[in-house]
Amino acid sequence: MVDAGLYLAYALIGIAALASFIFPLVYVARNIGDAKKSLLGVGVLLLVLGLTYAFSSGEFYFKGIEKFDMTESGIKRVSAGLNSFYVLVVIAIVAVIYSEVSSIFK
């Protein structure tokens, strides 16, 4: 009886995940004019992620990394994630400063 409940929960989670992915895509396809800013944001995010992954290296940086059983590609993905975080933090700080400075002159 517990297995049936778990499988039902897995199925419902899968259906919810699919619905949360498909319905926004349907909305964007129907209202492409309204979604331009959202698509621009997604495009910039994908650009940042792609550039940071391209410039990341898979080199080992400290002793003891063997304990974590990381491969070179895993280290590259972790490095890309950290670099993406740093770039997005800088972009957020610049955006906040720009917003505050522009509001002073209005």
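Q: I'm new here, so let's start with one residue. Where is Ser84 found?
A: Ser84 is found in helix α3. Keep in mind that this is a predicted model, and the values we'll go through are computed from it.

Q: How do I tell whether Ser84 is buried or exposed?
A: Look at the relative accessible area; under 20% means buried. Ser84 has a relative accessibility of 4%, so it counts as buried.

Q: Which residues does Ser84 touch, if I skip the ones up to four places away in sequence?
A: With those set aside, Ser84 touches Val48, Leu49 and Thr52. One of these, Thr52, also has a polar contact with Ser84: their side chains are joined at 2.6 Å.

Q: Let's follow that link to the other side. Where does Thr52 sit, and is Thr52 buried or exposed?
A: Thr52 belongs to helix α2. Its relative accessible area is 8%, so Thr52 is buried.

Q: What else is around Thr52, leaving aside its neighbours within four places in sequence?
A: On that basis, Thr52 is in contact with Ala80, Asn83, Ser84 and Val87. There's also something from the backbone: a polar atom of the Thr52 side chain lies 3.1 Å from the backbone oxygen of Leu49.

Q: Now the helices themselves. How are two packed helices described?
A: The general idea is to give the angle between their axes and the distance between the axes. Here, helix α2 covers residues 36-55 and helix α3 covers residues 72-104; they pack at an angle of about 135 degrees, and their axes are 8 Å apart.

Q: What word goes with that angle between α2 and α3?
A: Angles over 145 degrees would count as roughly antiparallel, and 65 to 115 as roughly perpendicular. The pair falls in neither range, with its angle of about 135 degrees, and α2 and α3 are therefore oblique to each other.

Q: Is the crossing of α2 and α3 left-handed or right-handed?
A: The crossing of these two helices is right-handed.

Q: Which residues make the contact?
A: From α2, the contact is made by Leu45, Val48, Leu49, Thr52 and Tyr53. From α3 come Lys76, Arg77, Ala80, Asn83, Ser84, Val87, Leu88 and Ile91. So you can spot our earlier pair, Thr52 and Ser84, in this contact.

Q: How many residues of the contact of α2 with α3 are nonpolar, polar and charged?
A: That contact divides into 8 nonpolar, 3 polar and 2 charged residues.

Q: Back to helix α2 for a moment. Is Leu47 buried or exposed?
A: Leu47 is found in helix α2. For a residue to count as exposed, the relative accessible area must be over 50%; Leu47 has 52%, so it is exposed.

Q: And helix α1? How accessible are Leu25 and Ala11?
A: Helix α1 spans residues 2-30, and Leu25 is placed there. Ala11 is in helix α1 as well. Leu25, at 48% relative accessibility, counts as partly exposed, and Ala11, at 39%, counts as partly exposed.

Q: How do I read separation along the chain against separation in space?
A: Put the count of residues beside the C-alpha distance. Leu25 and Tyr53 are 28 residues apart in sequence and 26 Å apart in space. For Ala11 and Leu40, the figures are 29 residues and 33 Å. Leu47 and Asp69 are 22 residues apart along the chain, and their C-alpha atoms are separated by 29 Å.

Technical notes:
Residues numbered from 1 in each chain as written. Predicted model: local features only at pLDDT ≥ 70, side-chain atom pairs only at ≥ 80, totals over all residues. Heavy atoms only, no water. Axes fitted to C-alpha atoms, helices over the stretch in contact; angles between N-to-C directions. Helix = DSSP H or I, 4+ residues; strand = E, 2+ residues; numbered from the N terminus. Parallel < 35°, antiparallel > 145°, perpendicular 65-115°, else oblique. Left-handed = near helix turned anticlockwise from the far one by under 90°. Contact = heavy atoms within 4.5 Å. Nonpolar A, V, L, I, M, F, W, Y, C, P; charged D, E, K, R; others polar. Buried < 20%, exposed > 50% of the residue type's maximum accessible area, 1.4 Å probe, protein only. Polar contact = N/O pair within 3.5 Å; in protein donor to acceptor, adjacent residues only side chain to side chain.
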